[in-house]
Amino acid sequence: NYIKASMNEHSWYGVLSTYNKKINDNWNFAGGVDLRSYKGSHYRKIIDLMGADYVIARTSINYNDPNLVKREGDVIDYNNDAFIRWGGLFGQLEYTQKRWVGFISASAAYTGYKRTDYFLPKQIEVDGNLYNTGYTYPTGNVNPIELVPMDTLYVNGQAIYSGMPGAEYQTTGWYYRPTFTTKAGVKYTVDENFSVFVNGGYLDKAPQFNQVYTNANEKFSNIHNEVIVSTELGLNWKFSKLAMNVNAYNTIWKNKPYPYGLSVPNPLDPSTNISVNVRGMNARHAGLEWDAALKLTDRLTLEMLASFANWRWTSGDTIFVTDDNGDVMYANPGEPNPIPYTFVYDARGVHVSDAAQTQFGAMLRYEWKNGAYIKGRYTYFDRYYADFNPFFLNGENAGRDSWRIPAYGTMEM
């Protein structure tokens, strides 16, 4: 046994430029440019061998290092970099009047993705083709302590062999996705104690990095942006010792991809798998939220909250697997009557997991004159559903809910 640590090192660089223009007493404009560059280094290393001198790492191998004997500080399991470029424009027009406040905003962006993997075999380019130059796992040896060189390959008289100079780490090209958003909202103040607001938005969202490239540096097929359409209505009350807010929301989430994609057999080579992002998974998030703060004394405040949600999947469909060009793939390619490569799932009515859909909470806070304070908070959670794979939801399991975790509460001081 030994202890290893997952390392995530992030570097952000960017330029944000904002322009503000007061058009008149009621209208104001704001806009700007947002440019960013990101690099994330992800690897795992040994931090404590717990008295041992070394460990032999025979899984998740670095094919550029023949030595499988690893010591404290060595990198194991995986080692890769993620690169993201982002360029965007945004603008907002705001209207302010005695009782009315409103806004409308829009933005557009262009996001690029690239990945480098340091454990996949290095490659060298010869006559426009890439060839691996990494080491290989020895055949017939179930307990090796090192990898062995690959068989030398000759291409137009040039020898290609393990560890040869000039080989480079496997790096994808840049892949770009355009996105845009638009939002609008208005608030009306009835009197000094009461106001009402309504907001709405349309968000065309770029996919997350792990929905663009696999751990094998392969780009997912069938990549699409997520689409989120949201509306919200809220009320605010404010009195001398009591403040209270209530809001109702409804969000339609379209093309929500299954995390990390779906691995399916490659119809062109059934001995291998391809990673596919499945579009068309839709969900509806609706709910009611309430919070309040009551000042019991000058130093003692009681805060309360409640949330009632109804988050469910609304998808049930036949998914046609497509290639990188968007063309439908076939389960029996080359045959006279090819059959489209499809998967059927039915998650309609199934609860979305990873969040408690009922919450109640209360917090009591006491503050002294010098600013020091003590507070205690209790939160009750219910209707929390376990995670699941929606693609198992077919046949007798169509629309079947996952396990509902028993209700529980947490106390914090």
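The protein averages a pLDDT of 89, and 95% of the residues score at least 70, where pLDDT is the predictor's confidence in each residue, from 0 to 100. This is a predicted model, in which local features need pLDDT of at least 70 and side-chain atom pairs count only at pLDDT 80 or more, while totals for chains, interfaces and linings use all residues. Residues are numbered from 1 along each chain as its sequence is written, and side-chain values use heavy atoms, with hydrogens and water left out. Confidence is lowest in strand 16 (residues 262-266), at a mean of 70, and highest in strand 6 (residues 100-117), at 97; strands are DSSP runs (E, at least two residues), numbered from the N terminus. Where pLDDT is low, the predicted coordinates should not be read in detail.

**Nonpolar cores**

A nonpolar core is here a set of buried Ala, Val, Leu, Ile, Met, Phe, Trp, Tyr and Cys residues joined through side-chain atoms within 4.5 Å; buried means under 20% relative accessible area, exposed over 50%, and partly exposed in between (1.4 Å probe, protein chains only). The largest nonpolar core has 16 residues, of which Trp-311, Trp-313, Ala-347 and Val-350 touch the most other members. Strand 15 (242-254) and strand 19 (300-313) are the elements that give two or more residues to this core, and the largest share, three residues, comes from strand 19. Leaving aside neighbours within four places in sequence, Val-350 is in contact (heavy atoms within 4.5 Å) with residues including Trp-311, Trp-313, Phe-388 and Leu-393. A second, separate core of 11 residues includes Ile-84, Tyr-113, Ala-206 and Val-212.

**Salt bridges**

The structure holds 10 salt bridges, each defined by a side-chain nitrogen of Lys or Arg within 4 Å of a carboxyl oxygen of Asp or Glu. Three of them are set out below.

| Pair | Closest N to O |
|---|---|
| Lys-39 and Asp-81 | 3.9 Å |
| Glu-367 and Arg-365 | 3.2 Å |
| Asp-382 and Arg-404 | 3.3 Å |

Lys-39 lies in strand 2 (residues 27-48) and Asp-81 in strand 5 (residues 75-96), so their salt bridge ties together parts that are 42 residues apart in sequence. Within this pair, Lys-39 is partly exposed, with a relative accessible area of 35%, whereas Asp-81 counts as buried at 4%. For the bridge between Asp-382 and Arg-404, Asp-382 counts as buried at 15% relative accessibility, while Arg-404 is partly exposed at 40%. In addition, a network of salt bridges links Lys-4, Arg-44 and Asp-77.

**Aromatic pairs and charges over rings**

Rings of Phe, Tyr and Trp (its six-membered ring) pair if their centres lie within 6.5 Å, and planes under 30 degrees apart count as stacked, over 60 as edge-to-face and the rest as tilted. By this rule the count comes to 15 aromatic pairs. One of them, Tyr-19 with Phe-29, is tilted, at 6.5 Å centre to centre and 55° between the planes; Tyr-19 lies in strand 1 (residues 3-22) and Phe-29 in strand 2, so the pair ties together parts that are 10 residues apart in sequence. Tyr-19 is partly exposed at 48% relative accessibility, as is Phe-29 at 30%. The ring centres of Trp-27 and Tyr-95 are 4.9 Å apart and their planes stand at 55°, so this pair is tilted; Trp-27 lies in strand 2 and Tyr-95 in strand 5, so the parts tied together are 68 residues apart in sequence. Tyr-110, Trp-174 and Tyr-176 are linked by ring pairs into a cluster.

A charge sits over a ring if NZ of Lys or CZ of Arg is within 6 Å of the ring centre and within 35 degrees of the ring normal. Arg-36 lies over the face of Trp-86, at 5.8 Å from the ring centre, and the charged end of Lys-122 sits over the ring of Tyr-169, 4.5 Å from its centre.

Definitions and conventions: Helix = DSSP H or I, 4+ residues; strand = E, 2+ residues; numbered from the N terminus.
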